[in-house]
Amino acid sequence: MAGSDLFAVVRDELSTVETRLQSELQSDHGRVDEVVRHGYRLGGKRLRPALLLLAGKAVGPLNDAHETLAVVVEMIHTATLVHDDILDEADLRRHVDTINARWGNETSVLLGDFLFSHAFYLAATIGSADACQLIGKSTNRVCEGEMQQTLAEGDLEIGVEDYFSIIDAKTAELCSCCCHLGALYADADKATIEALASYGRNLGIAFQIADDLLDLCGNESTTGKSLGRDLAKRKMTLPLIHARDSRVDGPRQAFLALVDDKTDQQELIAALAESGSIDFARDTAEQYASQALSDIKNLEPSAAKTSLETLATFVVSRQR
């Protein structure tokens, strides 16, 4: 199912978010404007603003704050993508050149900073400190997760607990924040806010495991972004960790040598399949998606709730 179908219940609101994003992401200086507008194209699926809007609509009416905050979380997400592409030395995202590929790392860093600062400016305009505090806390965690991951590059002995700590921070935290904000600004009660925040966290973990699988086994023409970057950076993702830990002694060292060599990805994928590691990672993603569904089981039936339920299945099965 396409993202446009998943988000149909908030299509009008997402259209407004798109218009706001285009309006906000521009500059009076021609060359800067070209970079900023190119950055706008990198966001892609608009999952984070859709999560915020769906969570809000599942528990109450949406308002102007929801639309502003949806713009804010997409700016923050885009900033993290711009910085990720620098770290990964990626050339392609959403079928277009990355900022670093076209303008270099210095411009990419500054664009990320521009997006972060503008996002917090917009969050402050809704007249409540709650949003800025929640977004600030979550953004700090996202950055911590990215630093954890960068510092762990090349550590082929990283544990599964470390892996989940990284993806909980760098991906799941912002998804959780989106759902929290959506429910909070729809005046939901504390238990409902916590349930939706938990849904977002479990959904985010499922999403990232699936993303890590795509980086290993996906099709670059389908995903529209540079693949194999985790392996090139020697990042130990869940399927690699599982395959490593399913082996002992000589076979374990042979597998780690294959990871370290980075030249024969097909041989590596065959080794992952042989140890059941691809299926294990996919099953783990499905378990987190199932927990996300459980988190929202007590919400009143609505089209928005149905979209949230369908999304939990979609993030695991997607091919891009």
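Here are a few worked exercises on the structure above.

The model is predicted, so local features need pLDDT of at least 70 and side-chain atom pairs count only at pLDDT 80 or more, while totals for chains, interfaces and linings use all residues. Residues are numbered from 1 along each chain as its sequence is written, and side-chain values use heavy atoms, with hydrogens and water left out.

**Exercise 1. The overall build**

Task: find how many helices and strands the protein has, and work out how its radius of gyration stands against the globule rule.

Solution:
- Start with the elements: there are 17 helices and two strands. These are DSSP runs numbered from the N terminus, with at least four residues of H or I for a helix and at least two of E for a strand.
- Next, take the radius of gyration, computed over C-alpha atoms; the rule for a globule is 2.2 Å times the number of residues to the power 0.38. For 320 residues a compact globule would come out near 20 Å, and the protein agrees because it has 20 Å.
- The C-alpha trace spans about 60 × 50 × 30 Å along the principal axes.
- Finally, look at burial and contacts: 53% of the 320 residues count as buried. Buried means under 20% relative accessible area, exposed means over 50%, and partly exposed lies in between (1.4 Å probe, protein chains only). Of the contacts (heavy atoms within 4.5 Å) between residues at least 6 apart in sequence, 76% join residues at least 24 apart.

**Exercise 2. Helices α2 and α3**

Task: decide whether E24 is buried or exposed, and find what the buried residues of α3 pack against.

Solution:
- Locate E24 in helix α2, which covers residues 11-24.
- Check its accessibility: E24 counts as buried because its value is 19%.
- List its contacts, leaving aside neighbours within four places in sequence: M75, H118 and L122.
- Now move to helix α3 (residues 30-40), where D33, V35, V36, H38, G39 and Y40 are buried.
- The buried residues of α3 pack against α2, α5 (64-88), β2 (96-97), α6 (99-103) and α7 (105-124).

**Exercise 3. Cysteines**

Task: explain why C178 and C179 are too far from their closest cysteine sulfurs for a bond.

Solution:
- Recall the chemistry: a disulfide is a covalent bond between the sulfur atoms of two cysteines. The search asks for a pair of cysteine sulfur atoms within 2.5 Å.
- For C178, the closest cysteine sulfur is in C177, 5.9 Å away, so the gap is too far for a bond.
- For C179, the closest is in C178, at 6.7 Å, again too far for a bond.
- Add the surroundings: C178 is buried at 0% relative accessible area, and C179 is also buried at 0%.
- Across the whole structure, the search finds zero disulfides.

**Exercise 4. A pocket and a cavity**

Task: describe the lining of the second largest pocket and of the second largest cavity.

Solution:
- Set the terms on a 1 Å grid over the protein atoms alone: in a cavity a 1.4 Å probe fits but cannot get out, whereas a pocket is an open set of points with protein on both sides within 12 Å along at least five of seven lines; lining residues have an atom within 4 Å of a point. Grid points are joined across faces, edges and corners, and a volume is the space filled by probe spheres set on them.
- The second largest pocket has a volume of about 280 Å³. Its lining has 18 residues, with A210, R282, V316, S317 and R318 nearest the centre.
- Helix α16 gives the most to this pocket lining, seven residues.
- For the cavities, the structure holds two of 30 Å³ or more, and the second largest contains about 100 Å³ of space.
- Residues lining the second largest cavity include Q149, E153, Y163, K170, D212 and K235. Helix α9 supplies the largest share, four residues.

**Exercise 5. Positive phi**

Task: find where D187 and R234 lie, and say how accessible each one is.

Solution:
- D187 is not a glycine, yet has a positive phi of about 65 degrees. D187 lies in the loop between α9 and α10 and counts as exposed at 70%.
- R234, also not a glycine, has a positive phi of about 60 degrees. R234 sits in the loop between α12 (229-232) and α13 (238-245) and counts as partly exposed at 23%.
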